[in-house]
Amino acid sequence: MNDRSNPPVALLEQLRAIVGERGLLTEAEDLAPFTVDWRGQFRGRAALLVKPASTEETAQVVAALATAGVGIVPQAGNTSLCGASVPDASGTQAVVNVSRMNRVRAIDLDNDTITVEAGCILADLQRVAEENDRLFPLSLAAEGSCEVGGNISTNAGGTQVLRYGNMREQVLGLEVVLPDGRVWDGLRGLRKDNTGYDLKHLFIGAEGTLGIVTAAVLKLYPRPRAIATALVAVPDPAAAVALLGRLRAACGERVTGFELVSRACLDLVFRNIPGNRDPLPRPFAWYVLVELFDSMAGPALAEMLEAALGEAAESGLADDAVVASSQAQRLALWALRENISDAQKTEGVSVKHDVSVPVSQVPRLIAESDLALQAAFPGIRTVAFGHVGDGNLHYNAFPPRARRATSSPGRHR
Ligand SMILES: Cc1cc2nc3c(=O)[nH]c(=O)nc-3n(C[C@H](O)[C@H](O)[C@H](O)COP(=O)(O)OP(=O)(O)OC[C@H]3O[C@@H](n4cnc5c(N)ncnc54)[C@H](O)[C@@H]3O)c2cc1C
């Protein structure tokens, strides 16, 4: 664009003709919610925002913007935690938001697939799967607002990667609008496809750099008939890794979630998010939230988990545990884990890391990072939690609590 912040009138007219009045935003106050990220850490400015309602509209919008030389920031639910979904500060970029494309195009229960548009909210997709007696396994704390296009473009993980894999593993086919406005139609639901290069994988995890994902064919799974969930206090992260091995030996592929949570995380949640309480009688330094799924019904799953945890306790791998005895208790245990991100947001600014290492190296990662950070920044508060079953950890650092500017320098606020 020549005039950095004012898109040419002809371009605006062209876009309005494609997406209609409600599909084009240009006023600063309308653009504001789409130019700041979920954490409020990254604020940009956009020249305009377009909300196409179909693949055809997206293709025409992208072609028009490309011809005009306007940079495009694809956006779905805008829950990205690293500023990737918002424009830069130049005021010259156009946000292309896919949220209006939120239809379920087809469900094929014999093929166990669902075809959805990129703006479909993850929780809605999960609900439609459940209504059809199926499971869509991607599950993460942002599921009420993140959308399929964003999940695909970030190759999102969540809490069930251990059993079902990342978003990449769920994608059988994709439809993408390329940077010049052509549509790449790879919307196939083939379970076996060995016809040469598998181009869809280029777009998964590409964060919108290669095109705008408009629809996908995704895998569905049998809905679990039994679920057993426990919060287990463990002596340290090494015990957590050993416990994972024990549980897999005892319960096999039923181990679906295995989330490490430090006491610092729970304290953040108790301090900042009302309605959460400690389910164990006394505090421990480390916990894991364990969940088993079984496609067979029956109470045996909880007994299996209790027996495995009992053996782990005898070996010193577990200090205490609570097994959920109702869906309400299960949700309360998960709330402790899922509220950690919100609790951190309320607590204040932190430096966030999303680190993957081999599962066996998780204890070393935590121990060595803690030591190095304390040496460099005495008093720094570190918060470690995450998908230890995948070797993927959120490792975040808060500044030391501010010291009082009084005569008692040893006391903290
Ligand atoms: C509380 C919370 C918990 C989270 N937990 C996890 C977690 O456990 N695991 C995990 O992996 N992530 C997690 N995330 C981050 C996660 O990546 C996002 O929540 C989600 O996958 C992004 O989806 P979105 O629709 O919000 O995408 P956006 O934030 O809108 O976009 C994300 C990226 O994808 C691009 N993009 C968006 N739509 C398209 C499209 N249609 N075509 C091409 N590119 C596009 C954007 O340009 C941007 O680069 C969490 C976020 C929050 C807020």
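Start by selecting Gly208 and the ligand together: a backbone N or O atom of Gly208 sits 3.4 Å from a nitrogen atom of the ligand. Keep in mind that you're looking at a predicted model.

Now leave the ligand on screen and add Asn78. Here a backbone N or O atom of Asn78 is 2.8 Å from an oxygen atom of the ligand. Add Glu147 as well, and you'll find one of its polar backbone atoms 2.8 Å from an oxygen atom of the ligand.

How much of the ligand does the protein bury? Taken alone, the ligand exposes 970 Å², and the protein buries 94% of that.

**The shell around the ligand**

Next, bring up everything that surrounds the ligand. You should get 33 residues, and the closest are Pro74, Gly77, Thr79, Glu147 and Gly157. Try colouring the shell by class: 14 residues are nonpolar, 17 are polar and two are charged.

Which elements give two or more residues to this shell? Select strand 3 (72-75), helix 5 (148-153) and strand 10 (212-219) to see them. Helix 5 has the largest share, with four residues.

**Zoom out to the domains**

Time for the whole chain. Give one colour each to domain 1 (9-97), domain 2 (104-222) and domain 3 (226-398), which come from the domain assignment. Go back to the ligand for a second with these colours on: its shell draws at least three residues from domain 1 and at least three from domain 2. Then look across from domain 1 to domain 3, whose C-alpha centres lie 38 Å apart.

**A pocket to visit**

Head for the second largest pocket by selecting Glu130, Ile227, Phe293, Gln327 and Arg330, the lining residues that lie nearest its centre. The full lining has 30 residues, and the pocket's volume is about 730 Å³.

To see what the walls are made of, select helix 4 (122-131), strand 7 (134-135), strand 12 (226-234), strand 14 (286-294) and helix 12 (327-338), the elements that each give two or more residues to the lining. Which element gives the most? That's helix 12, with five residues.

Keep your domain colours on here too, as this lining takes at least three residues from each of domain 2 and domain 3. Switch to colouring by class and you'll get 13 nonpolar, eight polar and nine charged residues.

**Last stop: a cavity**

Rolling a probe the size of a water molecule over the atoms shows where empty space is left. How many cavities of 30 Å³ or more does a search of the whole structure find? The search finds one. The largest cavity holds about 30 Å³ of space.

To get there, select the residues that line it:

- Thr159 and Leu162 are among the lining residues.
- Thr256, Gly257, Phe258 and Glu259 line it as well.
- His387, Val388, Gly389 and Asp390 are also part of the lining.

Show strand 13 (residues 255-262) as a cartoon, since you'll want to spot the element with the largest share of this lining, four residues. One more round of colouring by class gives three nonpolar, five polar and two charged residues in the cavity lining.

Methods: Residues numbered from 1 in each chain as written. Predicted model: local features only at pLDDT ≥ 70, side-chain atom pairs only at ≥ 80, totals over all residues. Heavy atoms only, no water. Near = heavy atom within 4 Å. Polar contact = N/O pair within 3.5 Å; in protein donor to acceptor, adjacent residues only side chain to side chain. Areas by Shrake-Rupley, 256 points an atom, 1.4 Å probe, with all protein chains shown as cover. Nonpolar A, V, L, I, M, F, W, Y, C, P; charged D, E, K, R; others polar. Domains from an automatic or database assignment. 1 Å grid on protein atoms, 1.4 Å probe; cavity = no way out; pocket = protein on both sides within 12 Å on 5 of 7 lines; lining within 4 Å. Points joined across faces, edges and corners; volume = space filled by probe spheres on them.
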